[in-house]
Amino acid sequence: MSTPATEYSLAELMIVAGAEAFRNDGEVLATGIGMIPRLAASLAMKTFNQDLMMTDSEAYLLSEPNPVSGRSSHEGQQKETWMGFSRIFDNVWSGKRHAMVGPTQIDKYGQSNISALGGSYDQPKVQMLGARGFPGNSICHANSFFVPTHNTRVFMGGECDMVCSIGYNPERLPKGYTMDDIDIRLVITDLCVMDWNGPNNMLRVISLHPGISIEQVLENTGFEVHAEADLPTTPAPTEEQLAVISQLDPQNWRSKQIKDNPPGDRS
Amino acid sequence: MSKVLSAQEAVAQIKDGMTIGIGGWGPRRKPMALIRELLRSDVKDLTVVSYGGADVGMLCAAGKVKKVVFAFVSLDFIPLEPYFRKARQTGSIEVMEIDEGMMLLGLRAAAWNVPYIPTALGLGTDVIKHSDDLKVIDSPYDDKEWVAMPALKLDVSLIHVNRADKRGVCQITSPDHYMDDWFARAAETTIVSCEEIVESDFFTQGDEARSVYWERCQTTSVVEIAGGAHPSSCAPSYGFDVPHFKEYNGSAKEGGFAAYAEKYVSGKSEEEYQQSVGGLDAIQKLPLPVY
(Lines give C-alpha, C1' and ligand atoms only; values in the text may rest on other atoms or scores of the structure.)
Protein backbone atom coordinates (compact mmCIF):
# COMPACT_ATOMS: atom_id res chain seq x y z
CA MET A 1 0.00 0.00 0.00
CA SER A 2 2.40 2.68 1.14
CA THR A 3 5.94 2.60 -0.13
CA PRO A 4 8.42 4.96 1.56
CA ALA A 5 10.13 7.10 -1.05
CA THR A 6 13.91 6.94 -1.28
CA GLU A 7 14.33 10.32 -2.95
CA TYR A 8 12.45 13.34 -1.74
CA SER A 9 13.19 16.97 -0.92
CA LEU A 10 13.21 18.62 2.49
CA ALA A 11 10.20 20.65 1.34
CA GLU A 12 8.31 17.42 0.62
CA LEU A 13 9.31 15.95 3.99
CA MET A 14 7.98 19.09 5.68
CA ILE A 15 4.73 18.98 3.68
CA VAL A 16 4.14 15.40 4.77
CA ALA A 17 5.08 16.14 8.40
CA GLY A 18 2.82 19.21 8.28
CA ALA A 19 -0.12 17.19 6.93
CA GLU A 20 0.00 15.11 10.12
CA ALA A 21 -1.08 18.21 12.06
CA PHE A 22 -4.50 17.95 10.37
CA ARG A 23 -4.93 14.15 10.54
CA ASN A 24 -7.33 13.99 13.49
CA ASP A 25 -9.03 17.35 13.05
CA GLY A 26 -12.28 16.09 11.57
CA GLU A 27 -14.45 18.69 9.88
CA VAL A 28 -12.63 22.02 10.35
CA LEU A 29 -11.36 24.76 8.09
CA ALA A 30 -7.70 24.00 7.40
CA THR A 31 -5.70 27.10 6.56
CA GLY A 32 -2.06 26.90 5.53
CA ILE A 33 -0.42 30.29 5.19
CA GLY A 34 2.42 30.00 2.69
CA MET A 35 3.09 27.33 0.09
CA ILE A 36 4.36 24.47 2.29
CA PRO A 37 1.64 24.82 4.95
CA ARG A 38 -1.00 25.10 2.20
CA LEU A 39 0.34 21.96 0.52
CA ALA A 40 0.40 20.23 3.93
CA ALA A 41 -3.28 21.00 4.53
CA SER A 42 -4.15 20.08 0.93
CA LEU A 43 -2.33 16.74 1.20
CA ALA A 44 -4.21 15.96 4.43
CA MET A 45 -7.53 16.80 2.75
CA LYS A 46 -6.69 14.72 -0.33
CA THR A 47 -5.62 11.67 1.70
CA PHE A 48 -6.27 10.83 5.34
CA ASN A 49 -8.72 13.57 6.37
CA GLN A 50 -11.17 14.15 3.55
CA ASP A 51 -13.55 15.91 5.95
CA LEU A 52 -11.32 19.00 6.07
CA MET A 53 -12.49 22.23 4.49
CA MET A 54 -10.25 24.61 2.55
CA THR A 55 -10.80 27.90 0.74
CA ASP A 56 -9.57 29.27 -2.57
CA SER A 57 -7.69 31.96 -0.58
CA GLU A 58 -10.11 34.45 -2.08
CA ALA A 59 -13.82 34.07 -1.39
CA TYR A 60 -15.06 30.46 -1.69
CA LEU A 61 -14.93 27.24 0.29
CA LEU A 62 -13.87 24.31 -1.88
CA SER A 63 -14.77 20.63 -1.92
CA GLU A 64 -11.38 19.86 -3.50
CA PRO A 65 -8.24 21.86 -2.69
CA ASN A 66 -6.96 23.98 -5.56
CA PRO A 67 -3.50 23.13 -6.87
CA VAL A 68 -0.99 25.77 -5.75
CA SER A 69 0.58 26.06 -9.20
CA GLY A 70 -0.34 25.53 -12.84
CA ARG A 71 -3.66 27.41 -12.82
CA SER A 72 -4.39 30.51 -14.85
CA SER A 73 -7.75 31.39 -13.27
CA HIS A 74 -10.24 30.42 -10.57
CA GLU A 75 -12.60 28.99 -13.23
CA GLY A 76 -13.77 25.45 -12.63
CA GLN A 77 -12.69 25.22 -9.00
CA GLN A 78 -14.89 23.03 -6.75
CA LYS A 79 -16.87 25.74 -4.93
CA GLU A 80 -19.27 24.70 -2.19
CA THR A 81 -20.13 27.97 -0.43
CA TRP A 82 -19.24 31.65 -0.41
CA MET A 83 -16.51 32.27 2.16
CA GLY A 84 -15.52 35.93 2.05
CA PHE A 85 -13.35 37.37 4.81
CA SER A 86 -16.23 38.37 7.09
CA ARG A 87 -17.46 34.76 6.91
CA ILE A 88 -13.94 33.54 7.71
CA PHE A 89 -14.22 35.43 11.00
CA ASP A 90 -17.55 33.74 11.74
CA ASN A 91 -15.72 30.45 11.27
CA VAL A 92 -12.68 31.54 13.35
CA TRP A 93 -14.86 32.61 16.26
CA SER A 94 -16.73 29.29 16.16
CA GLY A 95 -13.42 27.52 16.80
CA LYS A 96 -13.82 25.15 13.86
CA ARG A 97 -10.49 25.96 12.26
CA HIS A 98 -6.86 24.92 12.40
CA ALA A 99 -4.32 27.31 10.92
CA MET A 100 -0.67 26.58 10.14
CA VAL A 101 1.22 29.85 10.17
CA GLY A 102 4.82 31.00 9.89
CA PRO A 103 5.76 33.44 12.66
CA THR A 104 8.96 35.49 12.62
CA GLN A 105 9.49 34.92 16.34
CA ILE A 106 8.33 32.12 18.65
CA ASP A 107 9.18 32.19 22.35
CA LYS A 108 9.30 29.49 25.04
CA TYR A 109 5.61 30.01 25.83
CA GLY A 110 4.53 29.39 22.25
CA GLN A 111 3.71 33.07 21.89
CA SER A 112 4.52 34.36 18.42
CA ASN A 113 5.20 37.57 16.50
CA ILE A 114 4.68 38.77 12.94
CA SER A 115 4.18 42.45 13.78
CA ALA A 116 7.39 44.30 14.58
CA LEU A 117 10.97 43.73 15.73
CA GLY A 118 13.32 45.63 18.00
CA GLY A 119 13.34 49.27 19.04
CA SER A 120 10.31 50.38 20.99
CA TYR A 121 6.66 49.75 20.26
CA ASP A 122 6.22 53.39 19.24
CA GLN A 123 9.23 53.20 16.97
CA PRO A 124 10.12 49.61 16.06
CA LYS A 125 13.41 48.87 14.34
CA VAL A 126 11.61 46.73 11.77
CA GLN A 127 7.90 47.07 11.10
CA MET A 128 6.51 43.86 9.63
CA LEU A 129 2.91 42.92 8.80
CA GLY A 130 1.05 43.82 11.96
CA ALA A 131 -0.70 41.33 14.24
CA ARG A 132 -3.13 40.33 11.42
CA GLY A 133 -5.48 37.60 12.68
CA PHE A 134 -3.01 36.10 15.16
CA PRO A 135 -4.61 37.41 18.38
CA GLY A 136 -8.07 36.13 17.43
CA ASN A 137 -6.90 32.88 15.85
CA SER A 138 -4.84 31.93 18.90
CA ILE A 139 -7.65 32.42 21.43
CA CYS A 140 -10.34 30.84 19.20
CA HIS A 141 -8.90 27.76 17.50
CA ALA A 142 -5.97 25.38 17.00
CA ASN A 143 -2.76 26.67 15.47
CA SER A 144 0.42 25.00 14.24
CA PHE A 145 3.68 26.67 13.31
CA PHE A 146 5.83 26.29 10.22
CA VAL A 147 9.45 27.45 10.47
CA PRO A 148 11.53 27.11 7.29
CA THR A 149 14.78 28.05 9.05
CA HIS A 150 15.16 26.76 12.59
CA ASN A 151 17.45 29.21 14.41
CA THR A 152 17.72 31.28 17.56
CA ARG A 153 16.32 34.37 15.87
CA VAL A 154 12.99 32.59 15.39
CA PHE A 155 13.11 30.49 18.57
CA MET A 156 14.30 33.40 20.64
CA GLY A 157 15.26 33.74 24.29
CA GLY A 158 12.92 35.91 26.38
CA GLU A 159 9.48 36.97 25.17
CA CYS A 160 8.51 37.97 21.63
CA ASP A 161 9.08 41.66 20.83
CA MET A 162 5.36 41.96 20.15
CA VAL A 163 3.19 39.12 21.42
CA CYS A 164 0.66 38.64 18.61
CA SER A 165 -0.67 35.24 19.63
CA ILE A 166 -1.47 33.87 23.08
CA GLY A 167 0.66 31.00 24.35
CA TYR A 168 1.22 28.97 27.50
CA ASN A 169 2.38 31.91 29.60
CA PRO A 170 0.92 31.79 33.13
CA GLU A 171 1.56 35.54 33.53
CA ARG A 172 -0.72 36.33 30.61
CA LEU A 173 -3.41 33.72 31.07
CA PRO A 174 -6.73 35.61 31.02
CA LYS A 175 -9.06 35.44 34.00
CA GLY A 176 -11.28 32.37 33.85
CA TYR A 177 -8.96 30.51 31.45
CA THR A 178 -6.80 27.42 31.97
CA MET A 179 -3.84 26.27 29.91
CA ASP A 180 -6.17 23.70 28.35
CA ASP A 181 -7.99 26.56 26.62
CA ILE A 182 -4.81 27.30 24.63
CA ASP A 183 -4.37 24.96 21.66
CA ILE A 184 -1.00 25.09 19.92
CA ARG A 185 -0.33 21.91 18.01
CA LEU A 186 2.71 20.98 15.92
CA VAL A 187 5.82 22.95 15.05
CA ILE A 188 7.34 21.86 11.73
CA THR A 189 10.86 23.16 11.08
CA ASP A 190 13.63 22.29 8.65
CA LEU A 191 15.28 20.27 11.45
CA CYS A 192 12.50 18.50 13.32
CA VAL A 193 8.87 18.16 14.38
CA MET A 194 7.90 19.47 17.80
CA ASP A 195 4.83 20.05 19.96
CA TRP A 196 4.07 21.85 23.24
CA ASN A 197 3.46 18.73 25.29
CA GLY A 198 6.67 18.80 27.32
CA PRO A 199 6.44 19.37 31.11
CA ASN A 200 4.34 22.51 31.75
CA ASN A 201 3.67 22.93 28.04
CA MET A 202 7.34 23.12 27.24
CA LEU A 203 8.36 22.80 23.60
CA ARG A 204 9.17 19.14 22.97
CA VAL A 205 10.94 17.45 20.08
CA ILE A 206 8.91 14.54 18.73
CA SER A 207 10.99 13.55 15.71
CA LEU A 208 14.22 14.55 14.03
CA HIS A 209 14.45 14.86 10.27
CA PRO A 210 16.72 12.27 8.62
CA GLY A 211 20.37 13.18 9.19
CA ILE A 212 19.67 15.80 11.88
CA SER A 213 20.99 15.43 15.44
CA ILE A 214 19.33 16.60 18.63
CA GLU A 215 22.39 18.79 19.23
CA GLN A 216 21.61 20.75 16.06
CA VAL A 217 18.08 21.38 17.33
CA LEU A 218 19.22 22.44 20.79
CA GLU A 219 21.96 24.72 19.42
CA ASN A 220 19.48 26.46 17.17
CA THR A 221 16.78 27.02 19.78
CA GLY A 222 17.15 30.02 22.09
CA PHE A 223 15.39 28.39 25.03
CA GLU A 224 15.19 25.02 26.73
CA VAL A 225 13.52 22.28 24.71
CA HIS A 226 12.33 18.99 26.08
CA ALA A 227 13.77 15.96 24.31
CA GLU A 228 13.66 12.33 25.29
CA ALA A 229 16.41 9.85 24.44
CA ASP A 230 16.17 7.81 21.22
CA LEU A 231 13.95 10.18 19.29
CA PRO A 232 12.31 8.74 16.20
CA THR A 233 13.14 9.95 12.70
CA THR A 234 10.48 11.96 10.87
CA PRO A 235 8.89 9.46 8.47
CA ALA A 236 9.82 9.79 4.81
CA PRO A 237 6.98 10.64 2.41
CA THR A 238 5.43 7.65 0.71
CA GLU A 239 5.49 7.35 -3.08
CA GLU A 240 1.71 7.78 -2.95
CA GLN A 241 2.03 11.03 -0.99
CA LEU A 242 4.65 12.36 -3.42
CA ALA A 243 2.28 11.61 -6.29
CA VAL A 244 -0.52 13.59 -4.62
CA ILE A 245 1.88 16.46 -3.86
CA SER A 246 2.96 16.64 -7.49
CA GLN A 247 -0.72 16.81 -8.54
CA LEU A 248 -1.23 19.66 -6.08
CA ASP A 249 1.89 21.46 -7.31
CA PRO A 250 2.47 20.45 -10.94
CA GLN A 251 4.98 23.24 -11.53
CA ASN A 252 7.09 22.25 -8.53
CA TRP A 253 6.91 25.64 -6.84
CA ARG A 254 7.67 23.77 -3.61
CA SER A 255 11.26 23.38 -4.84
CA LYS A 256 11.72 27.14 -4.47
CA GLN A 257 10.51 27.36 -0.88
CA ILE A 258 13.60 26.22 1.01
CA LYS A 259 16.99 27.70 0.10
CA ASP A 260 18.84 25.45 -2.39
CA ASN A 261 16.03 22.86 -2.22
CA PRO A 262 17.99 20.37 -0.08
CA PRO A 263 17.17 16.66 -0.03
CA GLY A 264 14.95 15.37 2.77
CA ASP A 265 17.61 12.98 4.02
CA ARG A 266 20.73 14.91 5.02
CA SER A 267 22.70 12.01 6.55
CA MET B 1 -32.30 62.51 -5.91
CA SER B 2 -28.72 62.61 -7.09
CA LYS B 3 -25.67 62.02 -4.88
CA VAL B 4 -23.26 62.27 -7.77
CA LEU B 5 -20.23 64.51 -7.17
CA SER B 6 -16.81 64.98 -8.68
CA ALA B 7 -13.95 63.35 -6.77
CA GLN B 8 -12.75 66.78 -5.69
CA GLU B 9 -16.20 67.81 -4.42
CA ALA B 10 -16.64 64.52 -2.59
CA VAL B 11 -13.24 64.56 -0.93
CA ALA B 12 -13.76 68.20 0.14
CA GLN B 13 -16.06 66.74 2.82
CA ILE B 14 -12.95 65.45 4.62
CA LYS B 15 -11.57 67.92 7.16
CA ASP B 16 -8.43 68.10 9.31
CA GLY B 17 -8.44 65.71 12.24
CA MET B 18 -11.25 63.49 10.97
CA THR B 19 -11.36 59.70 11.34
CA ILE B 20 -11.68 58.06 7.95
CA GLY B 21 -12.36 54.44 7.09
CA ILE B 22 -11.11 52.96 3.84
CA GLY B 23 -12.76 49.90 2.29
CA GLY B 24 -11.08 47.07 0.36
CA TRP B 25 -8.32 44.77 1.61
CA GLY B 26 -4.56 45.13 1.11
CA PRO B 27 -4.08 45.60 -2.66
CA ARG B 28 -7.69 44.73 -3.49
CA ARG B 29 -10.52 47.12 -4.44
CA LYS B 30 -9.14 50.19 -2.72
CA PRO B 31 -10.67 53.61 -3.57
CA MET B 32 -7.31 54.80 -4.86
CA ALA B 33 -8.58 57.62 -7.07
CA LEU B 34 -10.24 59.14 -3.98
CA ILE B 35 -6.99 58.61 -2.06
CA ARG B 36 -5.11 60.45 -4.81
CA GLU B 37 -7.61 63.30 -4.53
CA LEU B 38 -7.03 63.36 -0.78
CA LEU B 39 -3.25 63.46 -1.38
CA ARG B 40 -3.78 66.58 -3.52
CA SER B 41 -5.76 68.31 -0.75
CA ASP B 42 -4.49 70.25 2.28
CA VAL B 43 -6.16 67.90 4.76
CA LYS B 44 -4.00 66.64 7.64
CA ASP B 45 -4.03 64.94 11.05
CA LEU B 46 -6.27 62.12 9.88
CA THR B 47 -6.96 58.95 11.83
CA VAL B 48 -7.17 56.14 9.28
CA VAL B 49 -8.99 52.84 9.84
CA SER B 50 -8.19 50.31 7.15
CA TYR B 51 -7.36 46.74 6.17
CA GLY B 52 -4.38 48.56 4.83
CA GLY B 53 -2.47 48.60 1.60
CA ALA B 54 -0.98 51.43 -0.45
CA ASP B 55 -3.91 53.62 0.68
CA VAL B 56 -2.40 53.77 4.17
CA GLY B 57 1.19 53.90 2.89
CA MET B 58 0.56 56.85 0.57
CA LEU B 59 -1.37 58.86 3.16
CA CYS B 60 1.42 58.26 5.71
CA ALA B 61 4.11 59.19 3.19
CA ALA B 62 2.29 62.41 2.32
CA GLY B 63 2.13 63.44 5.98
CA LYS B 64 -1.65 63.29 6.16
CA VAL B 65 -1.85 60.83 9.02
CA LYS B 66 -1.84 61.30 12.77
CA LYS B 67 -2.88 57.78 13.70
CA VAL B 68 -3.46 54.45 11.96
CA VAL B 69 -5.90 51.86 13.29
CA PHE B 70 -4.71 48.61 11.70
CA ALA B 71 -4.33 44.85 11.85
CA PHE B 72 -1.97 44.78 8.88
CA VAL B 73 -0.69 47.05 6.14
CA SER B 74 0.47 44.94 3.20
CA LEU B 75 0.55 44.75 -0.58
CA ASP B 76 0.19 40.92 -0.36
CA PHE B 77 2.73 39.91 -3.00
CA ILE B 78 5.00 42.58 -1.53
CA PRO B 79 4.36 41.65 2.10
CA LEU B 80 5.56 44.85 3.76
CA GLU B 81 4.09 48.22 2.75
CA PRO B 82 7.18 50.42 2.27
CA TYR B 83 5.84 53.79 3.41
CA PHE B 84 3.81 52.52 6.35
CA ARG B 85 6.99 50.77 7.39
CA LYS B 86 8.94 54.00 7.13
CA ALA B 87 6.34 55.90 9.14
CA ARG B 88 6.46 53.30 11.91
CA GLN B 89 10.24 53.02 11.93
CA THR B 90 10.66 56.78 12.23
CA GLY B 91 7.99 56.90 14.95
CA SER B 92 6.06 59.53 13.00
CA ILE B 93 2.56 58.10 13.51
CA GLU B 94 0.45 56.92 16.41
CA VAL B 95 -1.12 53.49 16.08
CA MET B 96 -3.88 51.33 17.44
CA GLU B 97 -2.91 47.80 16.42
CA ILE B 98 -5.73 45.28 16.63
CA ASP B 99 -6.69 41.87 15.30
CA GLU B 100 -8.41 41.74 11.88
CA GLY B 101 -11.60 40.47 13.48
CA MET B 102 -11.49 43.14 16.19
CA MET B 103 -11.61 45.76 13.46
CA LEU B 104 -14.77 44.16 12.08
CA LEU B 105 -16.30 44.16 15.57
CA GLY B 106 -15.35 47.82 16.08
CA LEU B 107 -17.05 48.77 12.81
CA ARG B 108 -20.13 46.75 13.76
CA ALA B 109 -20.29 48.40 17.18
CA ALA B 110 -20.21 51.81 15.47
CA ALA B 111 -22.84 50.71 12.96
CA TRP B 112 -25.09 49.35 15.69
CA ASN B 113 -24.70 52.37 17.98
CA VAL B 114 -23.29 50.37 20.88
CA PRO B 115 -20.14 51.51 22.72
CA TYR B 116 -18.33 48.19 22.44
CA ILE B 117 -18.68 44.50 21.62
CA PRO B 118 -17.29 41.94 24.08
CA THR B 119 -14.90 39.44 22.57
CA ALA B 120 -12.10 37.03 23.45
CA LEU B 121 -9.99 38.39 20.58
CA GLY B 122 -6.79 39.98 21.81
CA LEU B 123 -6.74 38.38 25.29
CA GLY B 124 -3.26 37.42 26.45
CA THR B 125 -1.52 39.37 23.67
CA ASP B 126 0.22 42.72 23.33
CA VAL B 127 -2.60 44.33 21.36
CA ILE B 128 -4.37 44.95 24.67
CA LYS B 129 -1.11 46.02 26.33
CA HIS B 130 -0.11 48.64 23.75
CA SER B 131 -3.44 50.31 23.17
CA ASP B 132 -4.86 52.57 25.86
CA ASP B 133 -8.13 52.53 23.93
CA LEU B 134 -8.73 48.84 24.62
CA LYS B 135 -10.23 47.83 27.94
CA VAL B 136 -10.63 44.36 29.42
CA ILE B 137 -13.84 43.94 31.38
CA ASP B 138 -15.70 41.44 33.56
CA SER B 139 -18.88 39.85 32.32
CA PRO B 140 -22.20 39.98 34.17
CA TYR B 141 -22.90 36.46 32.88
CA ASP B 142 -19.72 34.43 33.48
CA ASP B 143 -16.42 34.49 35.39
CA LYS B 144 -14.20 35.21 32.41
CA GLU B 145 -12.68 38.49 31.33
CA TRP B 146 -13.45 39.91 27.90
CA VAL B 147 -11.97 42.52 25.62
CA ALA B 148 -14.42 45.41 25.16
CA MET B 149 -13.74 46.22 21.51
CA PRO B 150 -14.77 49.90 21.23
CA ALA B 151 -16.91 51.24 18.42
CA LEU B 152 -14.73 52.56 15.59
CA LYS B 153 -16.87 55.55 14.69
CA LEU B 154 -15.90 57.02 11.36
CA ASP B 155 -16.48 60.55 10.15
CA VAL B 156 -16.05 59.51 6.53
CA SER B 157 -15.65 56.21 4.69
CA LEU B 158 -14.13 55.86 1.25
CA ILE B 159 -15.18 52.78 -0.73
CA HIS B 160 -14.76 51.64 -4.34
CA VAL B 161 -17.47 49.49 -5.93
CA ASN B 162 -18.27 48.03 -9.34
CA ARG B 163 -21.56 49.84 -10.01
CA ALA B 164 -23.78 52.44 -8.41
CA ASP B 165 -26.81 54.47 -9.37
CA LYS B 166 -27.03 58.18 -8.70
CA ARG B 167 -29.08 57.58 -5.55
CA GLY B 168 -26.27 55.53 -3.96
CA VAL B 169 -27.42 51.97 -4.60
CA CYS B 170 -23.98 50.30 -4.73
CA GLN B 171 -23.20 46.92 -6.23
CA ILE B 172 -20.06 44.87 -5.56
CA THR B 173 -19.61 42.05 -8.06
CA SER B 174 -16.07 41.18 -6.90
CA PRO B 175 -16.03 37.77 -5.21
CA ASP B 176 -15.66 39.41 -1.79
CA HIS B 177 -17.21 42.66 -0.60
CA TYR B 178 -14.77 42.52 2.37
CA MET B 179 -15.98 44.72 5.26
CA ASP B 180 -17.17 47.50 2.96
CA ASP B 181 -20.77 47.21 4.18
CA TRP B 182 -19.56 47.81 7.74
CA PHE B 183 -17.36 50.73 6.67
CA ALA B 184 -20.44 52.25 5.03
CA ARG B 185 -22.57 51.72 8.14
CA ALA B 186 -19.91 52.88 10.63
CA ALA B 187 -19.49 56.28 8.95
CA GLU B 188 -21.39 59.55 9.15
CA THR B 189 -20.51 60.24 5.52
CA THR B 190 -19.83 57.48 3.00
CA ILE B 191 -18.18 58.41 -0.27
CA VAL B 192 -18.35 55.70 -2.91
CA SER B 193 -16.41 55.70 -6.16
CA CYS B 194 -17.61 53.28 -8.80
CA GLU B 195 -16.47 51.79 -12.08
CA GLU B 196 -19.78 52.71 -13.66
CA ILE B 197 -22.93 54.69 -12.86
CA VAL B 198 -25.99 52.80 -14.05
CA GLU B 199 -29.70 53.58 -14.26
CA SER B 200 -31.66 52.43 -11.21
CA ASP B 201 -33.59 49.83 -13.19
CA PHE B 202 -30.31 47.97 -13.76
CA PHE B 203 -30.77 46.47 -10.29
CA THR B 204 -34.25 45.14 -11.07
CA GLN B 205 -32.79 42.65 -13.55
CA GLY B 206 -32.17 39.02 -12.57
CA ASP B 207 -30.20 38.69 -9.32
CA GLU B 208 -28.35 42.01 -9.64
CA ALA B 209 -29.87 43.28 -6.36
CA ARG B 210 -28.32 40.32 -4.47
CA SER B 211 -24.87 41.91 -4.72
CA VAL B 212 -25.99 45.20 -3.15
CA TYR B 213 -24.73 44.99 0.46
CA TRP B 214 -26.10 48.14 2.07
CA GLU B 215 -29.14 50.36 1.67
CA ARG B 216 -28.71 53.60 -0.24
CA CYS B 217 -29.33 55.70 2.90
CA GLN B 218 -25.82 54.60 3.96
CA THR B 219 -24.30 56.16 0.83
CA THR B 220 -23.71 59.91 0.93
CA SER B 221 -21.85 60.63 -2.31
CA VAL B 222 -21.26 58.78 -5.56
CA VAL B 223 -18.29 59.44 -7.85
CA GLU B 224 -17.90 57.71 -11.20
CA ILE B 225 -14.27 56.78 -11.84
CA ALA B 226 -13.70 53.80 -14.14
CA GLY B 227 -10.31 52.35 -13.20
CA GLY B 228 -10.53 54.18 -9.89
CA ALA B 229 -9.11 51.31 -7.85
CA HIS B 230 -5.81 51.30 -9.77
CA PRO B 231 -3.13 50.22 -8.84
CA SER B 232 -5.23 47.94 -6.59
CA SER B 233 -7.54 45.39 -8.18
CA CYS B 234 -11.23 45.61 -8.95
CA ALA B 235 -12.41 42.11 -9.80
CA PRO B 236 -13.94 41.06 -12.10
CA SER B 237 -12.85 44.06 -14.18
CA TYR B 238 -9.11 44.14 -13.53
CA GLY B 239 -6.33 42.78 -11.33
CA PHE B 240 -3.74 44.71 -9.41
CA ASP B 241 -0.87 46.35 -11.29
CA VAL B 242 2.19 44.35 -10.26
CA PRO B 243 4.80 46.47 -12.13
CA HIS B 244 3.28 49.67 -10.77
CA PHE B 245 3.35 48.37 -7.20
CA LYS B 246 6.96 47.31 -7.72
CA GLU B 247 7.83 50.80 -8.91
CA TYR B 248 5.95 52.30 -5.94
CA ASN B 249 7.76 49.94 -3.57
CA GLY B 250 11.09 50.76 -5.20
CA SER B 251 10.46 54.48 -4.82
CA ALA B 252 10.78 54.07 -1.06
CA LYS B 253 14.40 53.03 -1.58
CA GLU B 254 15.22 55.48 -4.33
CA GLY B 255 13.60 58.83 -5.00
CA GLY B 256 11.17 58.75 -2.12
CA PHE B 257 7.44 59.38 -2.13
CA ALA B 258 7.88 62.96 -3.32
CA ALA B 259 9.25 61.66 -6.63
CA TYR B 260 6.43 59.11 -6.96
CA ALA B 261 3.83 61.79 -6.17
CA GLU B 262 5.46 64.21 -8.58
CA LYS B 263 5.30 61.64 -11.37
CA TYR B 264 1.77 60.34 -10.74
CA VAL B 265 -0.30 62.49 -8.38
CA SER B 266 0.61 66.13 -7.76
CA GLY B 267 -1.20 68.57 -10.00
CA LYS B 268 -2.54 65.79 -12.21
CA SER B 269 -6.12 64.94 -13.03
CA GLU B 270 -7.25 61.33 -12.74
CA GLU B 271 -7.31 61.19 -16.53
CA GLU B 272 -3.68 62.30 -16.64
CA TYR B 273 -2.87 59.72 -13.97
CA GLN B 274 -4.46 56.98 -16.03
CA GLN B 275 -2.58 58.11 -19.14
CA SER B 276 0.67 57.93 -17.19
CA VAL B 277 0.01 54.29 -16.29
CA GLY B 278 -0.94 53.23 -19.80
CA GLY B 279 -4.54 54.42 -20.05
CA LEU B 280 -7.89 53.01 -18.93
CA ASP B 281 -7.78 50.25 -21.53
CA ALA B 282 -4.50 49.00 -20.13
CA ILE B 283 -5.89 49.12 -16.57
CA GLN B 284 -8.95 47.14 -17.63
CA LYS B 285 -6.70 44.50 -19.19
CA LEU B 286 -4.67 43.87 -16.01
CA PRO B 287 -5.04 40.14 -15.33
CA LEU B 288 -6.94 38.97 -12.26
CA PRO B 289 -4.72 37.38 -9.60
CA VAL B 290 -4.82 33.60 -9.16
CA TYR B 291 -4.41 32.52 -5.55
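How many salt bridges are there between chain B and chain A? The count is three, and one of them makes a good place to begin a walk through this predicted model. Arg172(A) pairs with Asp126(B), and the closest N and O atoms of this salt bridge are 3.0 Å apart. Around such charged pairs there is a wider set of polar links: the interface of chain B and chain A holds 21 residue pairs in polar contact, with both partners at pLDDT 80 or more.

If you colour chain B by secondary structure, you can see which elements take part. Those giving two or more residues to the side of chain B that touches chain A are α4 (82-89), β4 (94-97), α5 and α6 (126-130) of chain B. Among the contributors, α5(B) supplies the largest share, with five residues. As for the interface overall, 46 residues of chain B are in contact with 47 residues of chain A. The area buried between the two chains, B and A, is about 4100 Å², and carbon and sulfur atoms give 55% of that area.

Now let us turn to chain B itself. Its domain assignment gives domain 1 (7-99 + 152-231) and domain 2 (116-150). The C-alpha centres of these two domains of chain B lie 28 Å apart. Where they meet, six residues of domain 1 of chain B are in contact with seven residues of domain 2 of chain B. The area buried between domain 1 and domain 2 of chain B is about 530 Å², with 65% coming from carbon and sulfur atoms. Two residue pairs in polar contact, both partners at pLDDT 80 or more, are counted between these domains of chain B. One salt bridge is found across this domain interface. As a salt bridge to look up in chain B, try Asp133(B) with Lys67(B), where the closest N and O atoms are 2.9 Å apart.

What about the nonpolar interior? The largest nonpolar core has 137 residues, and Ile14(B) and Ile20(B) have the most contacts inside it. Helix α5 (residues 100-111) of chain B gives the most to this core, with eight residues. Both domain 1 (7-99 + 152-231) and domain 2 (116-150) of chain B give residues to the core, so it lies between them. A second, separate core has 34 residues, including Ala5(A), Ile15(A), Val28(A) and Met45(A).

To get a feel for the largest core, select Ile20(B). Beyond its neighbours within four places in sequence, Ile20(B) is in contact with Ile14(B), Leu38(B), Leu46(B), Thr47(B), Val48(B), Val49(B), Leu59(B), Leu154(B), Val156(B) and Leu158(B). One of these partners, Leu59(B), is among the buried residues of α3(B). That helix, covering residues 54-61 of chain B, is mostly covered, with seven of its eight residues buried. Just after α3(B), Gly63(B) takes a positive phi of about 75 degrees.

Continuing along chain B, strand β3 (residues 65-70) is where you will find Val69(B). Is Val69(B) buried or exposed? Its relative accessible area is 4%, so Val69(B) is buried. Setting aside residues up to four places away in sequence, Val69(B) touches Thr47(B), Val48(B), Val49(B), Ser50(B), Met96(B), Ile98(B), Met103(B) and Leu152(B). His160(B), for its part, is 91 residues from Val69(B) in sequence and 20 Å from it in space, C-alpha to C-alpha.

Over in strand β5 (residues 116-119) of chain B sits Thr119(B). Thr119(B) counts as buried because its relative accessibility is 8%, with the limit for buried being under 20%. The side chain of Thr119(B) reaches the backbone nitrogen of Leu121(B) at 3.0 Å. With neighbours within four places in sequence left aside, Thr119(B) is in contact with Leu105(B), Trp146(B), Val147(B) and Met149(B).

We finish in chain A with Asn169(A), which is placed in the loop between β10 (142-147) and β11 (184-189) of chain A. Why does Asn169(A) count as buried? The reason is its relative accessibility of 3%. Apart from neighbours within four places in sequence, Asn169(A) is in contact with Tyr109(A), Gln111(A), Glu159(A) and Met179(A).

Terms used. Residues are numbered from 1 along each chain as its sequence is written. Chains are lettered from A and ligands numbered from 1 in the order in which they are written. This is a predicted model: local features need pLDDT of at least 70, side-chain atom pairs count only at pLDDT 80 or more; totals for chains, interfaces and linings use all residues. Side-chain values use heavy atoms; hydrogens and water are left out. A nonpolar core is a set of buried Ala, Val, Leu, Ile, Met, Phe, Trp, Tyr and Cys residues joined through side-chain atoms within 4.5 Å. Buried means under 20% relative accessible area, exposed over 50%, partly exposed in between (1.4 Å probe, protein chains only). Helices (H or I, at least four residues) and strands (E, at least two) are DSSP runs, numbered from the N terminus. Domain bounds come from an automatic or database domain assignment. Contact means heavy atoms within 4.5 Å. Buried area is the accessible area (1.4 Å probe) that two parts lose on being put together, summed over both. A salt bridge is a side-chain nitrogen of Lys or Arg within 4 Å of a carboxyl oxygen of Asp or Glu. A polar contact is a pair of N or O atoms within 3.5 Å; within protein, one must be able to donate a hydrogen and the other to accept it, and residues adjacent in sequence count only if both atoms are side-chain atoms.
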